[in-house]
Amino acid sequence: MRNQRSFSLEFKRQVVEELLSGESGAAQICRRYNISASLLYHWKKQYSRGKFNNEPTQEAALKDRVAKLERLVGKLTLENEFLKRGLQNSLNGHGRNGKPSAGTGTSSAASGGDAS
């Protein structure tokens, strides 16, 4: 069985910075260090988020902020829909089971209305 290799943060940062500098292409770097292209681009994404003891790039910071805000909008939308349904059910006089609650009948005798 093959052992999984592990790389230090310093090595990962060095490889990604070499890629970003433009000294070598991605294919050359992958051959030189015997790593896959998908691993190299995974490290590049982590690097942009500041995972290798470096400052995150502004673009990555903005992407993270957008993702957090999108999750918040989704949560608030669900809460809003839930509250709307609850209000609508209470205004219609329906109980939890969807059936009209007792005492919410609208007959003219119960409301004190007179036909004459």
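Leu-76 counts as partly exposed because its relative accessibility is 46%, where buried means under 20% relative accessible area, exposed over 50%, and partly exposed in between (1.4 Å probe, protein chains only). Leu-76 is placed in helix H4, which covers residues 58-91. Helices (H or I, at least four residues) and strands (E, at least two) are DSSP runs, numbered from the N terminus. Together with Leu-69 and Leu-72, Leu-76 makes a nonpolar surface patch of about 250 Å². Patches are made of residues with over 30% relative accessible area and no salt bridge, with like charges joined within 9 Å and nonpolar side chains (Val, Leu, Ile, Met, Phe, Trp, Tyr) within 5 Å.

The model is predicted: local features need pLDDT of at least 70, side-chain atom pairs count only at pLDDT 80 or more, and totals for chains, interfaces and linings use all residues. Residues are numbered from 1 along each chain as its sequence is written, and side-chain values use heavy atoms, with hydrogens and water left out.

The average pLDDT of the protein chain (the predictor's confidence in each residue, from 0 to 100) is 82, and 78% of the residues score at least 70. Among the elements, H2 has the highest mean pLDDT, 96, and helix H5 (residues 108-111) the lowest, 49. Where pLDDT is low, the predicted coordinates should not be read in detail.

The protein chain has five helices and zero strands, and its elements run α-α-α-α-α from the N terminus on. Of its 116 residues, 16% are buried. The accessible surface of the chain comes to about 9600 Å², and carbon and sulfur atoms account for 52% of that surface. Accessible areas come from the Shrake-Rupley method with a 1.4 Å probe; for residues, only the protein chains shown count as cover. Among contacts (heavy atoms within 4.5 Å) with a separation of 6 or more, 40% are between residues 24 or more positions apart.

The largest nonpolar core has 12 residues: Val-15, Val-16, Leu-19, Ala-26, Ile-29, Cys-30, Tyr-33, Ile-35, Leu-40, Trp-43, Tyr-47 and Phe-52. At least two residues of this core come from each of helix H1 (9-21), helix H2 (26-33) and helix H3 (37-48). H2 supplies the largest share, four residues. A nonpolar core is a set of buried Ala, Val, Leu, Ile, Met, Phe, Trp, Tyr and Cys residues joined through side-chain atoms within 4.5 Å.

Two members of the core, Leu-19 and Ala-26, illustrate its contacts. Leaving aside residues up to four places away in sequence, Leu-19 touches Ser-24, Gly-25, Ala-26, Ile-29, Leu-40, Tyr-41 and Lys-44. Ala-26 belongs to helix H2 and is buried, at a relative accessible area of 17%. With the same sequence neighbours left out, up to four places away, Ala-26 touches Leu-19, Leu-40 and Tyr-41. The C-alpha atoms of Ala-26 and Ala-37 are 7.0 Å apart in space, and the two residues are 11 apart in sequence.

A further pair, Ser-48 and Val-16, is separated by 32 residues in sequence and by 9.6 Å in space, C-alpha to C-alpha. Ser-48 lies in helix H3 and is partly exposed, at 22% relative accessibility. The loop between H2 and H3 contains Asn-34. Asn-34 is exposed, with a relative accessible area of 53%, and its phi is near 55 degrees, a positive value in a residue other than glycine.

Side chains of opposite charge can pair when their charged atoms come close. The structure holds two salt bridges, each defined as a side-chain nitrogen of Lys or Arg within 4 Å of a carboxyl oxygen of Asp or Glu. In one, the closest N and O atoms of Arg-13 and Glu-10 are 2.3 Å apart. Arg-13 and Glu-10 are three residues apart in helix H1, so about one helical turn separates them. Arg-13 is buried, with a relative accessible area of 16%, whereas Glu-10 is partly exposed at 46%.

The side chains of Glu-18 and Arg-32 also meet in a salt bridge, at 2.1 Å from N to O. Because Glu-18 lies in helix H1 and Arg-32 in helix H2, this pair ties together parts that are 14 residues apart in sequence. Glu-18 is buried at 12% relative accessibility, and Arg-32 is partly exposed with a relative accessible area of 46%.
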